[in-house]
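This briefing is meant to be read beside the sequence and the model. It begins with the overall fold and then turns to a pocket, a helix, two strand residues and the aromatic rings.

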Amino acid sequence: MLPAEDHRRDTPTHTLCKPEILTITDMSSHTSDLPAHQAVLDEIQARWNCAAATWDAKGLASIYSEDALFFGLLPRLYVGRPQIEEYFGSYQGTLECVSLTLVDQNTRTLAPGVFSAQGFGDIVNRHYDGGIVPRRVRSSFVIADRGGRWQILLHHFSRMEMPLG
């Protein structure tokens, strides 16, 4: 088993609406993981924000692998892409758009082409009724290169007791 590398990412990234899809084929060198992990997290965040800008449940679910596991902010565990799409779809008609900024992400290489990231997500929910709700959540991900496309295998958000700001 390879030793885990500790990487800390303190700088939030920006929302992009036309994300560049990255192909990183060799993540076996632990000394260069941080830039590769950051680039992949930036791509995942950009894809997530593009789909969330119009609250596209199918687009959001497409970021996840077919067999992904997802604990969102609802109490149930969602298993597989169809259930994850159901989770995002449950907010249609309520959420107009959402933005996500991943912050303070710490990464570990788990295997070639697979890494975990854990930190926080700053989420801004814009509701159809005009309400805007900012929130910081704890975030955990396992992300893998699946056939040349980075996908989320495991995602967990949990609420924090203190408000954002």
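Helices and strands are here taken as DSSP runs, a helix having at least four residues and a strand at least two, and they are numbered from the N terminus. On that footing the protein chain of this predicted model follows the pattern β-α-α-β-β-α-β-β-β-β when read along the sequence, with three helices and seven strands in total. Of the 165 residues in the protein chain, 44% are buried. Among contacts between residues at least 6 apart in sequence, 56% join residues at least 24 apart.

**The largest pocket**

- The largest pocket holds about 240 Å³ of space, and its lining consists of 19 residues, of which Leu-73, Tyr-87, Tyr-91, Leu-95 and Asn-125 lie nearest the centre.
- Two or more lining residues come from each of helix H3 (81-89), strand E4 (95-111), strand E5 (114-127), strand E6 (132-146) and strand E7 (149-159).
- Sorted by class, the lining of the largest pocket contains twelve nonpolar residues, five polar ones and two charged ones.

**Helix H3**

- The buried residues of H3 are Arg-81, Ile-84, Tyr-87 and Phe-88.
- Viewed down the axis of H3, these buried residues fall within an arc of 110°, and therefore they line one face of the helix.
- Tyr-87 of this buried set is also among the residues that lie nearest the centre of the largest pocket.

**Two residues of strand E2**

- Ser-65 is found in strand E2, and because its relative accessibility is 0%, Ser-65 counts as buried.
- Setting aside neighbours within four places in sequence, Ser-65 is in contact with Arg-81, Arg-146, Gln-151, Ile-152 and Leu-153; of these partners, Arg-81 is one of the buried residues of H3.
- Leu-69 likewise belongs to strand E2, which spans residues 64-71, but Leu-69 has a relative accessibility of 33% and so counts as partly exposed.
- Not counting residues up to four places away in sequence, Leu-69 touches Leu-77, Tyr-78, Val-79, Leu-153, Leu-154 and His-155.
- Leu-69 and His-156 are 87 residues apart in sequence, while their C-alpha atoms are 8.3 Å apart in space.

**Aromatic rings**

- Counting rings of Phe, Tyr and Trp as paired if their centres lie within 6.5 Å, the model has 13 aromatic pairs.
- In one of these pairs, the rings of Trp-48 and Trp-55 have centres 6.3 Å apart and planes at 75°, so the pair is edge-to-face, the cut-off for that class being over 60 degrees.
- Both Trp-48 and Trp-55 are buried.
- Ring pairs link Trp-48 and Trp-55 with Tyr-64, Phe-70, Tyr-78, Tyr-87, Phe-88 and Tyr-91 into a cluster; within this cluster, Tyr-87 and Phe-88 are buried residues of H3.

**Positive phi outside glycine**

- Trp-55 is placed in the loop between helix H1 (33-52) and helix H2 (57-61), and its phi is near 45°, a positive value in a residue other than glycine.
- The relative accessibility of Trp-55 is 5%, so this loop residue counts as buried.
- Asp-104, which lies in strand E4, has a positive phi of about 50° although Asp-104 is not a glycine.

Note on methods: Residues are numbered from 1 along each chain as its sequence is written. This is a predicted model: local features need pLDDT of at least 70, side-chain atom pairs count only at pLDDT 80 or more; totals for chains, interfaces and linings use all residues. Side-chain values use heavy atoms; hydrogens and water are left out. On a 1 Å grid over the protein atoms alone, a cavity is a set of points where a 1.4 Å probe fits but cannot get out, and a pocket is an open set with protein on both sides within 12 Å along at least five of seven lines; lining residues have an atom within 4 Å of a point. Grid points are joined across faces, edges and corners, and a volume is the space filled by probe spheres set on the points. Ala, Val, Leu, Ile, Met, Phe, Trp, Tyr, Cys and Pro count as nonpolar, Asp, Glu, Lys and Arg as charged, and the others, Gly among them, as polar. Buried means under 20% relative accessible area, exposed over 50%, partly exposed in between (1.4 Å probe, protein chains only). The arc is that of the directions from the helix axis to the C-beta atoms. Contact means heavy atoms within 4.5 Å. Rings of Phe, Tyr and Trp (its six-membered ring) pair if their centres lie within 6.5 Å; planes under 30 degrees apart count as stacked, over 60 as edge-to-face and the rest as tilted.
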